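Hello,

Here is the structure we spoke about. Please have a look before reading my notes.

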Amino acid sequence: MRKSQKEQAEGFVGLLAQAHEEIRKAAQAGNTDLALGLLAQCQDGAISLGDLIEKTEGEGFATVALLEDYCELLYRIHESLLQGEVDSAGKTYKNLRKSLIRIENSVRSDIRVRREVVFLPYKASMWDSLESIWKAAEEDPDCDAYVIPIPYYDKNPDGSFRELHYEGGEYPDYVPVIWYQDYDFQARRPDMIYIHNPYDDCNFVTSVHPSFYSSVLQQYTDQLVYIPYFILGEPDPDKEESLEKLEHFVTLPGVYNADKVIVQSEAMRRAYIKILTRETGAETKSVWKEKILGLGSPKFDKVADTKSEDVDIPESWRRVIEKPDGSRRKIVFYNTSVVALLEHNEKMLEKMRYVFGVFQENQEEVALLWRPHPLVKATIESMRPSLWKEYEKLLAWYQAQGFGIYDDTADLNRAIEISDAYYGDASSVVQLYRKTGKPVMMQTMEMFATDA
């Protein structure tokens, strides 16, 4: 039974107790008609309570049996009153009270509260920021967990919505997903809602459907929880420069609207608290200390839990990875970011051409696994249309050459697990990759320097 339903059941019991007191008073005053009417109301209330409990706990539940005994007692008292065979008011009240105490104890002890928790990812590739918490909720016998992928829009340069995307079909097979129009938030009012998109209408490139803005969701739950979909470099909360770099990740609608915010570390928690206190006033510091929790990111959990034997490698990838003699080429995870493209434009494309050329020349020993940021298309197409056309040409060339793997799937952790080293731009992927202990090499815009 949901918490709200149990509270409703307890409320029913309280009303019955009040009615008993009125029955006692009516019997003492000799007002039989009023007593009969109150007994009938108690009968209706007990039946409603029994229906509620039976609906959530099933037929034959202990409390329902006690309610049936209670209704039988009400009937006997009612018939006695009609026939003029009236017990003392005190005895009638005592019998009703004894029966109701048994019901009250059963409601309190026998009915277990079940929590309903909803997870609202929008991009399947970012599901790892929620997955380990969902798994814990799924395994909790007293919790009903629902994964409801939500739609999102690309944006035009003027901020208007463009294409609508829904990625519900791209989640792992073991994750049961619910169609977002099949869950009535207002009617069900889940106990907790988890989100990983904090932007609401403040993102220039994409927007989740406005029905799922944090400002809307907070109305339909007791606890809205925000977990960032990204991992950042660890900050120094005592250095202003470090705080300034973080500020645009922190002062977002989802952070303000959430009841709890779970960040990657205690240092990140301290940084959030400092930034938010500075933004909203010293008197709010206690609010942020209560709201921001440095419990770690589920993305780290996913990296730790992903094992090579559990990874499904497509046949087209195997043809790139395996040598003719059956041995395995070294795999380099090449990560290109949106930020680098926006900052360097054509120079970034030139650098990518150079990198591809190096790996093409060395394809007998090394396989390149190129995985661009999942929002690269939406971002560059919206903000740099001419650059996007050149990017598409480079992408088509790379795929046609066949010396490397192009990974635009939702499964980041597969690429991390099967690769032997990281090379590419600074991004949240770097922080995850370092957890593996494998080499990490950072990309610069130089063509012939040793990037390290």
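Below is what I found in one sheet and its surroundings.

Note that this is a predicted model.

The sheet
It is an open sheet of three strands, ordered β4-β3-β6, and the pairing is antiparallel. β4 and β6 (206-208) each have a single partner strand, so they stand at the edges and one side of each lacks a neighbour in the sheet. On average, neighbouring strands are turned by 30 degrees against each other, direction ignored.

The pairings
β3 covers residues 152-155 and is joined to β6 by three bridges. Within that pairing, Asp154 has Thr206 of β6 as its bridge partner. Three bridges also link β3 and β4, again in the antiparallel sense. There, Lys155 stands opposite Phe161 of β4.

The hairpin
β3 and β4 form a hairpin with five residues between the strands. Look at Gly159 in this hairpin: its phi is positive, near 95 degrees.

The helix
Which helix lies across β3, β4 and β6? That is α16, residues 376-383. Its direction is at about 165 degrees to β4.

After β4
The loop between β4 (161-165) and α6 (185-188) holds Tyr166. Tyr166 is partly exposed, at a relative accessible area of 31%. That value is over the 30% cut-off for patch residues. With Val177 and Trp179, Tyr166 forms a nonpolar patch on the surface. Together the three have about 240 Å² of accessible area.

Best wishes

How values were computed:
Residues are numbered from 1 along each chain as its sequence is written. This is a predicted model: local features need pLDDT of at least 70, side-chain atom pairs count only at pLDDT 80 or more; totals for chains, interfaces and linings use all residues. Side-chain values use heavy atoms; hydrogens and water are left out. Patches are made of residues with over 30% relative accessible area and no salt bridge: like charges are joined within 9 Å, nonpolar side chains (Val, Leu, Ile, Met, Phe, Trp, Tyr) within 5 Å. Accessible areas come from the Shrake-Rupley method with a 1.4 Å probe; for residues, only the protein chains shown count as cover. A salt bridge is a side-chain nitrogen of Lys or Arg within 4 Å of a carboxyl oxygen of Asp or Glu. Helices (H or I, at least four residues) and strands (E, at least two) are DSSP runs, numbered from the N terminus. Buried means under 20% relative accessible area, exposed over 50%, partly exposed in between (1.4 Å probe, protein chains only). Two strands pair if DSSP finds at least two bridges between them. Axes are lines fitted to C-alpha atoms, for helices over the stretch in contact, and angles run from 0 to 180 degrees between N-to-C directions. Contact means heavy atoms within 4.5 Å.
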